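Got a new fold in front of you and wondering what the labels on it really rest on? Let's go through some of them together.

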Amino acid sequence: MDMDRFTTMARQTLSAAQSLAVTSNHGELSPLHVLVALLQEERSVARDLVERAGFQPGEIARTATAELDRLPRVSSSSGYTPTTSPALVSVLAEAQRLAGDRGDGYTSQELLLLALSRTPSSARDVMNTVGLASPTIESAIDELRAASGIDSIDDPEAESSFEAL
């Protein structure tokens with residue numbers, strides 16, 4: 001997995017997810033951490049997509065956070081780095097596959113969100129519980145890209161074009 005092929009905002013999301021896992025003392029970095037990071041970021045493209053699709057990002061983030069609170073915690077007196085869960089590896093691979101299918105040179109936040117909705121995990125379960133399914137997300141992505149005049153993501157900073165919308 002080539003992290004250099006993720007947009008700057010997607011890498012920031014993954015970093016925020018890892019920070020959340022560390023501060024929560026979780027032994028694994030999971031898709032739930034990524035979902036919460038995507039939805040808590042005020043200027044997140046994914047957050048805007050969720051709103052565009054008619055859902056409340058804060059409500060979904062709270063539900064996902066409640067699920068995170070149920071995860072086991074590790075106790076360590078020294079710093080540690082959570083391992084990446086197999087489910088998250090699958091989500092990241094799916095996001096990169098989706099980018100390739102769309103002709104994108106970089107994997108963006110919106111494709112992380114779409115991959116979360118398609119890949120079996122507790123994050124997908126949370127999204128399904130509130131009714132946020134992959135066809136809805138995919139439609140919102142298509143609308144956002146059409147409205148911004150972006151056919152493909154070929155620049156790691158391309159998502160900044162979405163921020164004005």
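**What the labels rest on**

Q: Why is Leu92 called buried?
A: Leu92 has a relative accessible area of 8%. Buried means under 20%, so Leu92 earns the label. Keep in mind that this is a predicted model.

Q: Where is Leu92, and which residues does it touch?
A: Leu92 sits in helix H5, which covers residues 86-102. Leaving out residues up to four places away in sequence, it touches Met1, Phe6, Leu14 and Leu112. As for Leu116, 24 residues apart from Leu92 along the chain, the two C-alpha atoms are separated by 8.6 Å.

Q: How do you know whether Thr13 is buried or exposed?
A: Look at the relative accessible area of Thr13, which is 4%. The cut-off for buried is under 20%, so Thr13 counts as buried. You'll find Thr13 in helix H1, residues 8-23.

Q: What makes the pairing of Thr13 and Gln109 a polar contact?
A: The side chains of Thr13 and Gln109 are joined at 2.7 Å. A polar contact asks for N or O atoms within 3.5 Å, one able to donate a hydrogen and the other to accept it, and this pair is listed as one. Gln109 also turns up among the residues that Thr13 touches, along with Val34, Ala37 and Leu38, once residues up to four places away in sequence are set aside.

Q: How many residues apart in sequence are Thr13 and Gln40, and what is their distance in space?
A: Thr13 and Gln40 are 27 residues apart in sequence, and their C-alpha atoms are 9.7 Å apart.

Q: Why does Thr8 count as buried?
A: Its relative accessible area is 18%. The label needs a value under 20%, so Thr8 is buried. Thr8 is found in helix H1 too, and, neighbours within four places in sequence aside, Thr8 is in contact with Pro156 and Glu157.

Q: What makes Ser117 a buried residue?
A: A relative accessible area of 6%. With the line drawn at under 20%, Ser117 is therefore buried. Ser117 belongs to helix H6, residues 109-118. Its contacts, not counting neighbours within four places in sequence, are Arg124, Met127, Ser134 and Ile137.

Q: Which backbone oxygen lies 2.6 Å from a polar atom of the Ser117 side chain?
A: That's the backbone oxygen of Leu114.

Q: What is the secondary structure of the chain, and what pattern does it follow?
A: There are eight helices and two strands. Going along the sequence, the pattern reads α-β-α-α-α-β-α-α-α-α.

Q: Why is the chain called as compact as a globular protein of its length?
A: The radius of gyration is 15 Å, and the globule rule gives 15 Å for 165 residues; the two are close, so the description fits. The C-alpha atoms fill a box of roughly 50 × 30 × 25 Å along the principal axes.

Q: What share of the chain's residues counts as buried, and what does the chain expose?
A: Of the 165 residues, 44% count as buried. The chain exposes about 7,600 Å², with carbon and sulfur atoms supplying 46% of that.

Q: What share of the contacts with a separation of 6 or more comes from residues 24 or more positions apart?
A: Such residues account for 69% of them.

Q: How many positive and negative side chains does the chain have?
A: The count is 13 positive and 24 negative, and the centres of the two sets lie 4 Å apart.

How values were computed:
Residues numbered from 1 in each chain as written. Predicted model: local features only at pLDDT ≥ 70, side-chain atom pairs only at ≥ 80, totals over all residues. Heavy atoms only, no water. Helix = DSSP H or I, 4+ residues; strand = E, 2+ residues; numbered from the N terminus. Rg over C-alpha atoms; globule rule 2.2 N^0.38 Å. Buried < 20%, exposed > 50% of the residue type's maximum accessible area, 1.4 Å probe, protein only. Contact = heavy atoms within 4.5 Å. Areas by Shrake-Rupley, 256 points an atom, 1.4 Å probe, with all protein chains shown as cover. Lys, Arg positive; Asp, Glu negative; His and termini not counted. Charge placed at Lys NZ, Arg CZ, Asp CG, Glu CD.
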